[in-house]
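Biologist: I would like to learn how to read a few features of a protein model. Could you take me through some, step by step?

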Amino acid sequence: MQLRTFLAKDMKEALSAMRAELGEEAIIVASEKMKDGTTLLRAGIEGTQNAAAALEQEIGRPTADTSLAVEASHSFDARYREALVMRLRVPRSDDVRHPRAFDRDQLIGVLRTHRTPDALCKAMADAAEESGIPDLTLALAAALDRFMQGGSAANDAAGTILIGLPGVGKTAVAAKLAAQHRLAGMHVVLAATDTQTAGQMARLEDFAVCLNVPLVAASTPEALSEEVYEASHTGAFLIADGAGCDPRGPLSPDLVRFLGVGRLQIAGVASAACDAEEASDIARALGKLGATKLIVTGLDLARRKGALVALACSGLGLAQVTASPYLADGFEMLTPLSLSRTLLEEAPLRTAQKVA
């Protein structure tokens, strides 16, 4: 596999450049938001047998396994690279996708099968019809493109703080973000703001050891502000794991002050495995709290994708999605075309199960 690196001001431009050079069948290997706000995207086209060597050459690490006595951080690097290589080696279907003629009623039926909110169903159908594209998949992708926004990075941010409901996977997301930035060559600091919840600090400690990154306890907004200041002066990127909360209800005064710490970008974390109407309300509330991007978890648990559609079209920049609880699996990017294909390909299965 010949890997190419694209650097653009945002994800949309990076994807456009990738598609222009490599086509729609390009495989995204990794993507990073740089500290200056630009987007770095690595992608390639499947075809050669030496995918592992190509990926290793791009990352700059050897393909051969090292001694069993390597440090924990090196062990994680190997697992992370192996996970990326395995994604490249996943067998792809040889079936040619046959175009499906655009049908408004069929599109609305598919979206409703996924339990997409009615208002959003109509908006999607209207936008797809207005696109004038005769292919159903591409028309839906065009409609999604009008509503979806890429995750943005604050140019002056020294880090990010995660906020979301309890149990949506914020701690795992914090670790995945740390792994992503660390393997991009950045210094990373993990910060625990919730030191009272049983097991929260211990779990972050385990992740920090695995990633070989420092972990700091910031149990007060003042302590977190000091850690942000220290990180910014040492060139490190700080990732704060916020306490679980319901963004739709009154927040504790302490949590409000945590969100007000300077130079931290607020990132909302929401699960795709929930009711779509609830997802819309949660995304709206996260935006009012100052979240500028959204990370969606639980794609592997969501059999119906209505919540994913609602979150993707909420107006918050959709930064990344995760379809695995495992740290080494990292994040995936969700494009309008990939979401369109997912919705249309999985809908018949859901309908068949409902009939059965």
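Modeller: Gladly. Let us begin by locating one residue: F102 sits in the loop that links helix 3 (72-89) and helix 4 (104-113). Keep in mind that this is a predicted model.

Biologist: Is F102 buried, partly exposed or exposed?

Modeller: The relative accessible area decides. Buried means under 20% and exposed means over 50%, with partly exposed in between. F102 has 23%, so F102 counts as partly exposed.

Biologist: And which residues is F102 in contact with, once its neighbours within four places in sequence are left aside?

Modeller: The list is L107, A125, A128, E129, I133, P134, D135, L136 and A139. You can also set sequence against space: F102 and G132 are 30 residues apart along the chain, while their C-alpha atoms are 9.1 Å apart.

Biologist: Some of those residues belong to helices. How do I read a pair of packed helices?

Modeller: Look at the angle, the distance between the axes, the handedness and then the residues in contact. For helix 4 and helix 5 (residues 118-131), the angle is about 145° and the axes are 10 Å apart. Their crossing is right-handed.

Biologist: Which residues make the contact between helix 4 and helix 5?

Modeller: Helix 4 brings R104, L107, I108, L111 and R112, and helix 5 brings D118, C121, K122, M124, A125, D126, A128 and E129. By type, the contact has seven nonpolar residues, six charged and no polar ones.

Biologist: What does the packing of helix 5 and helix 6 look like?

Modeller: Helix 5 packs against helix 6 (residues 136-147) at about 115°, with the axes 8 Å apart. Here too you can read off a handedness: helix 5 passes helix 6 in a right-handed crossing. On the helix 5 side the contact is made by A123, M124, A127, A128, E130 and S131, and on the helix 6 side by A139, L140, A142, A143, L144, R146 and F147. These residues divide into 10 nonpolar, two charged and one polar.

Biologist: Now for the strands. In what order do they lie in the sheet?

Modeller: A sheet is read from one edge across to the other. This one is an open sheet of eight strands in the order 4-11-10-9-5-8-6-7, with parallel pairing. Strand 4 (149-150) and strand 7 (215-217) are the edge strands, each pairing on one side only.

Biologist: How do I see which strands are joined, and by how many bridges?

Modeller: Go pair by pair. Strand 5 (residues 159-163) runs parallel to strand 9, joined by five bridges, and T160 has Q265 in strand 9 as its bridge partner. Strand 9 (residues 264-271) is in turn joined to strand 10 by five bridges, again in parallel, with S271 opposite T297. Between these two strands the chain passes through helix 11 (residues 276-288), and this β-α-β crossover is right-handed.

Biologist: What comes on the other side of strand 10?

Modeller: Strand 11 (residues 317-321) pairs with strand 10 in the parallel sense over four bridges. V296 stands opposite V321 there. The chain goes from strand 10 to strand 11 through helix 12 (residues 306-312) in a right-handed β-α-β crossover.

Biologist: How many residues of strand 10 are buried?

Modeller: Five of the five residues in strand 10 (residues 293-297) are buried. Check each face in turn: K293, I295 and T297 lie on one side, L294 and V296 on the other, and both faces are covered.

Key:
Residues are numbered from 1 along each chain as its sequence is written. This is a predicted model: local features need pLDDT of at least 70, side-chain atom pairs count only at pLDDT 80 or more; totals for chains, interfaces and linings use all residues. Side-chain values use heavy atoms; hydrogens and water are left out. Axes are lines fitted to C-alpha atoms, for helices over the stretch in contact, and angles run from 0 to 180 degrees between N-to-C directions. A crossing is left-handed if the near helix is turned anticlockwise from the far one by less than a right angle, and right-handed if clockwise. Contact means heavy atoms within 4.5 Å. Ala, Val, Leu, Ile, Met, Phe, Trp, Tyr, Cys and Pro count as nonpolar, Asp, Glu, Lys and Arg as charged, and the others, Gly among them, as polar. Buried means under 20% relative accessible area, exposed over 50%, partly exposed in between (1.4 Å probe, protein chains only). Two strands pair if DSSP finds at least two bridges between them. A crossover is right-handed if, with the strands pointing away from the viewer, the path from the first strand over the helix to the second runs clockwise.
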